[in-house]
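Work through these exercises with the model open beside you. Try each task before you read its solution.

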Amino acid sequence: MVTFKSLFCGAGGDAQGLTEAGFELVLAANHWPRAIETHAANFPAAEHLCADINNTDMRRLPTTDVLWASPICTEGTPAGGNAGKRSTRMDGQLPIEAFGHIEQAGFERTRATFHDVIRATEIHGYKVVLVENVPDVAWRWELFDWWCQGMIRLRYRMQIVCATSAHLGGDGNEPAAQWRDRLYLCFTRDGIPEPDLTVNPPAWCHKCEADVDAVQTWKPGTMRILGHPTGPNPVSASATGANPWPTPRCSASRPDWRNSRSSARC
Ligand SMILES: C[S@@+](CC[C@H](N)C(=O)[O-])C[C@H]1O[C@@H](n2cnc3c(N)ncnc32)[C@H](O)[C@@H]1O
C-alpha cells in the first residue's frame, strides 16, 4: 500500500480523500491540539503529532511514499485581509517593482510553512509530494517561483492543477457542493510516472444537447494559474465551441434537512 503523511493536517479532509483512494495514512501533524484531537478521532490508526512543524526536526518523522502538505493560506486570501492586493506579475516572471510591489510582512507564516515542505522532502525523498493552497499564493507571494525551483532542484517534476472543488470529481466521487478555488501542486520524483491530472468536469453542451467532458482553457494573456469561478472563464468544451459551464451540485443537497422546518429548494 502507498503510505503518506499529512503536514498541517486540519480535521482530515485531505486524509479522507487519499485513504478513499487507497493510500495509508501513517502520520498527521498540526500544532493545534483541537485539530489533532479531531483528526485522531477520524483516523485512529495513524500516528498524531501535535507540534509546530516550523520547529520540527524532519528526521524524527517516519518516511512515507507520499507527502501531503497544506501550508497555511489565509495570508493569500481575502479572508486573510488581502482582498484587492493583486500583483500583475505573470506566471514564471521574476519580480519587477514596476509591476507592483507585494507587501512582504503578510507572508511570513506562509513562507515558513512552505519551507517546511522542502525541508521534509530533502530528508525523506518522497516519491510524490502533493501541496494544496489557494491560487493567490502563486502571484501574491513573491518567492513562489523560487520555492518551486527548489523542489525541481530536488529532482521533481511539477504539475499544477488550479480548479474549484465544484468541478473536481469522478466515478464514485461526487464533486463538492461548493465553490472552493484551490491550487494543487504535484511533484513527482524523477523516474516515477506522472499522474494524469487533467480536469474534465461533465458539462451540458447546448450545441450537441448532451453532457460532454469539458476541458480547462485559459483566456489568452492570462496567467495559467487562475481559479476564480466568476473570473475569466476557465472551463469550456473547445471541441464544440459551445463553451458550456459545468453544472455545480446544489449546496442544499449536502445538509440533512429531515429535521429542519423549511424545505430546501435547488
Ligand atoms: C488549511 S488547514 C489544513 C486543512 C487540511 N488540508 C484538511 O484537509 O483538513 C492548515 C492547518 O495548518 C495548521 N498549522 C499552521 N501553522 C502550523 C505550524 N507551524 N505547525 C503545525 N501546524 C500548523 C493550522 O492549525 C491548520 O489547521
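## Exercise 1: One edge of the sheet

Asn30 stands opposite Cys50 in strand 3. Strands here are DSSP runs of E with at least two residues, and helices are runs of H or I with at least four, both numbered from the N terminus. The model is predicted: local features need pLDDT of at least 70, side-chain atom pairs count only at pLDDT 80 or more, and totals for chains, interfaces and linings use all residues. Residues are numbered from 1 along each chain as its sequence is written.

Task: state in which sense strand 2 and strand 3 pair, and place them in the sheet.

Solution.
- Step 1. Strand 2 covers residues 24-30, and its pairing with strand 3 is parallel, over 4 bridges. Two strands pair if DSSP finds at least two bridges between them.
- Step 2. The open sheet has 7 strands in the order 3-2-1-4-5-7-6, with mixed pairing.
- Step 3. Strand 3 (47-50) and strand 6 (156-164) are the edges; each has a single partner strand, so one side of each lacks a neighbour in the sheet.
- Step 4. On average, neighbouring strands of this sheet are turned by 15 degrees against each other, direction ignored. Axes are lines fitted to C-alpha atoms, for helices over the stretch in contact, and angles run from 0 to 180 degrees between N-to-C directions.

## Exercise 2: The other side

Task: find the strands that helix 5 touches, then follow the pairing from strand 6 to strand 4.

Solution.
- Step 1. Helix 5 (residues 144-153) packs on the sheet and touches strand 6 and strand 7 (181-189). Its direction makes about 135 degrees with that of strand 6.
- Step 2. Strand 6 and strand 7 are antiparallel, with 9 bridges. Here Thr164 has Asp181 as its bridge partner in strand 7.
- Step 3. Strand 5 also pairs with strand 7 in the antiparallel sense, over 6 bridges. Val129 is opposite Phe187, and Val131 is opposite Leu185.
- Step 4. Strand 4 (residues 66-69) and strand 5 (residues 128-133) run parallel, joined by 4 bridges. Val66 has Val128 as its bridge partner in strand 5.

## Exercise 3: Buried or exposed?

Task: decide whether Phe187, Thr19 and Arg155 are buried, partly exposed or exposed.

Solution.
- Step 1. Learn the rule: a residue is buried if 20 or more other C-beta atoms lie within 10 Å of its own, exposed if 12 or fewer, and partly exposed in between, with C-beta atoms placed from the backbone.
- Step 2. Phe187 lies in strand 7. It is buried because 23 other C-beta atoms lie within 10 Å.
- Step 3. Leaving aside neighbours within four places in sequence, Phe187 is in contact with Val128, Val129, Met151, Tyr156 and Met158. Contact means that two C-beta atoms, placed from the backbone, lie within 7 Å.
- Step 4. Thr19 sits in helix 1 (residues 13-20). It is partly exposed because it has 17 C-beta neighbours inside 10 Å.
- Step 5. Arg155 is in the loop between helix 5 and strand 6. It is exposed because it has 12 other C-beta atoms within 10 Å. Its phi is near 75 degrees, a positive value in a residue other than glycine.

## Exercise 4: Around the ligand

Task: describe the shell around the ligand, then look at Phe8.

Solution.
- Step 1. The ligand is surrounded by 19 residues, and the closest are Phe8, Gly10, Gly13, His31 and Ser70. A residue is near the ligand if its C-beta atom, placed from the backbone, lies within 6 Å of it.
- Step 2. The shell divides into 8 nonpolar, 8 polar and 3 charged residues. Ala, Val, Leu, Ile, Met, Phe, Trp, Tyr, Cys and Pro count as nonpolar, Asp, Glu, Lys and Arg as charged, and the others, Gly among them, as polar.
- Step 3. Phe8 is in the loop between strand 1 (3-7) and helix 1. It is buried, with 23 other C-beta atoms within 10 Å. Its phi is near 65 degrees, positive in a residue other than glycine.

## Exercise 5: How far to trust the model

Task: find the stretches where pLDDT is under 50.

Solution.
- Step 1. pLDDT is the predictor's confidence in each residue, from 0 to 100. The protein averages 79, and 67% of the residues score at least 70.
- Step 2. Residues 93-105 stay under 50, with 11 contacts beyond four places in sequence.
- Step 3. Residues 226-239 are also below 50, and this stretch has 41 contacts beyond near neighbours in sequence.
- Step 4. Where pLDDT is low, the predicted coordinates should not be read in detail.
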